Amino acid sequence: MKNKARTIFLVLLIFVALVTVASAGTETQLTQDERLTQRMAIYGSYVFWTERAGNDVHAYDLTTGNRTDITGNSAGGKINAYGDKVVWTGDSETVYMYDISTGNETLIASERRAPDIFGNYIVYTNNYYYGQDHQNDGIYLYDLNTHNETKIAAVYSFPAIYGNKVVWSPENSSNASDIYLYDISNQQTGKITTTNSSIPESELDIFGNVVVWAESGNVYMHDMASNKTTQVTSNVSAYQPSIYGNWIVYMIGDPYSGGNKDIYMYEIPAARTTRITNSTHAFNPSVYGDKIVYADCRNNPEFCEARDIYLYDLSNTSNNLVANFTGNVSTGTAPLNVSFSDTSTGTPDTWFWGFGDGEISNEQNPAHTYLSAGNYTACLTVSNENSTDSKLATINAK
């Protein structure tokens, strides 16, 4: 009994150590008395969102503070943005795009839904009503330069795109879901991993080689470069993951009920979780660079109709904490011995190193040996009581 109690205590201690309360960023309320905010996206200096009051799309310029109301078509489901462009599912299950730099709204495709955008490509799936057959199911790629639509898969699933990679996760015959990748550059399709359970109308997100998704109330990530799947959360009812760079943001709390909801952030190199909000009314996060946006009905908690937009800025320019380091070598023959030296500014008092091969260190100036050949991403995360910052570098062991 004593050993069991000790084990429980250690588990709780580890959980508390890994989940920190955010003190590194600054929260700003962007809107006032916004009603029934539904989904949002951030890219560059623009924040986009949809709302159910008038079924419209809106934009907020972080540089000027100007707001643009995009009207004319209803909006539902997830919204995604790239550059000055935003895409969404409009009325009659139709994909629309709006270019905020030109003020032009374009109907991209009818009988389509759940679009995502990157560069000159938009991806989406077919419209589907419960009870209809799946004979015409498809994942489609739309080229904004040629205006051509190409069917890249014969399934119904919500796709995501980054660079030349398109991913989606249809349900398989074993009541689980297979995650597939389509490479635009060579037009090749392949299965990259299989989930443990079915994810109806799953909403994946992708950045670089990392895919994130929610499965059975937990967030997972899969690194295509290392072919490794990591469970980010455990038994916490996590939903709506979004990824950019080394940050994964998500909501803990049931999105379909009136229970408590807050935004959390997971730092991939440090494998560290940070709680961003404590209002218990925050949901639908999106991340770009060092900025996180989300909706929060803290000002109308009883009915949750006033859902304002908040920005959490991780840059902390006022604290002047900047992570940096050097290594005595950056390339060489394996086993490769590298001596790392912390050169960070801003008076950090903790150091966390991820060497890219699964090994870590809390020393300020560690030495590490890369046993096998490969390209490794070393990451130093430095912190003090006011701020956190990270720095990446590539080590090439031949």
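1. The second largest pocket in this predicted model has a lining of 32 residues, and those that lie nearest its centre are Asp223, Ile268, Pro269, Gly356 and Thr377. Five elements each give two or more residues to this lining, namely β21 (218-223), β22 (228-231), β33 (350-354), β36 (374-383) and β37 (388-397).

2. Of the elements that line the second largest pocket, β36 deserves a separate look, since the largest share of the lining comes from this strand, which supplies four residues. The space that lies in the pocket comes to about 1000 Å³.

3. As for the character of the lining of the second largest pocket, its residues divide into 16 that are nonpolar, 12 that are polar and four that are charged.

4. The position of the second largest pocket can be reasoned out from the residues that line it: domain 1 (26-317) and domain 2 (325-397) both contribute to the lining, and therefore the pocket lies between these two domains.

5. Turning to the chain as a whole, its secondary structure consists of one helix and 37 strands. When contacts between residues at least 6 apart in sequence are considered, 41% of them join residues that are at least 24 apart.

6. On burial and surface, 48% of the 398 residues in the chain are buried, where buried means under 20% relative accessible area. The chain exposes about 18800 Å², and carbon and sulfur atoms supply 46% of that area.

Terms used:
Residues are numbered from 1 along each chain as its sequence is written. This is a predicted model: local features need pLDDT of at least 70, side-chain atom pairs count only at pLDDT 80 or more; totals for chains, interfaces and linings use all residues. Side-chain values use heavy atoms; hydrogens and water are left out. On a 1 Å grid over the protein atoms alone, a cavity is a set of points where a 1.4 Å probe fits but cannot get out, and a pocket is an open set with protein on both sides within 12 Å along at least five of seven lines; lining residues have an atom within 4 Å of a point. Grid points are joined across faces, edges and corners, and a volume is the space filled by probe spheres set on the points. Ala, Val, Leu, Ile, Met, Phe, Trp, Tyr, Cys and Pro count as nonpolar, Asp, Glu, Lys and Arg as charged, and the others, Gly among them, as polar. Domain bounds come from an automatic or database domain assignment. Buried means under 20% relative accessible area, exposed over 50%, partly exposed in between (1.4 Å probe, protein chains only). Contact means heavy atoms within 4.5 Å. Accessible areas come from the Shrake-Rupley method with a 1.4 Å probe; for residues, only the protein chains shown count as cover.
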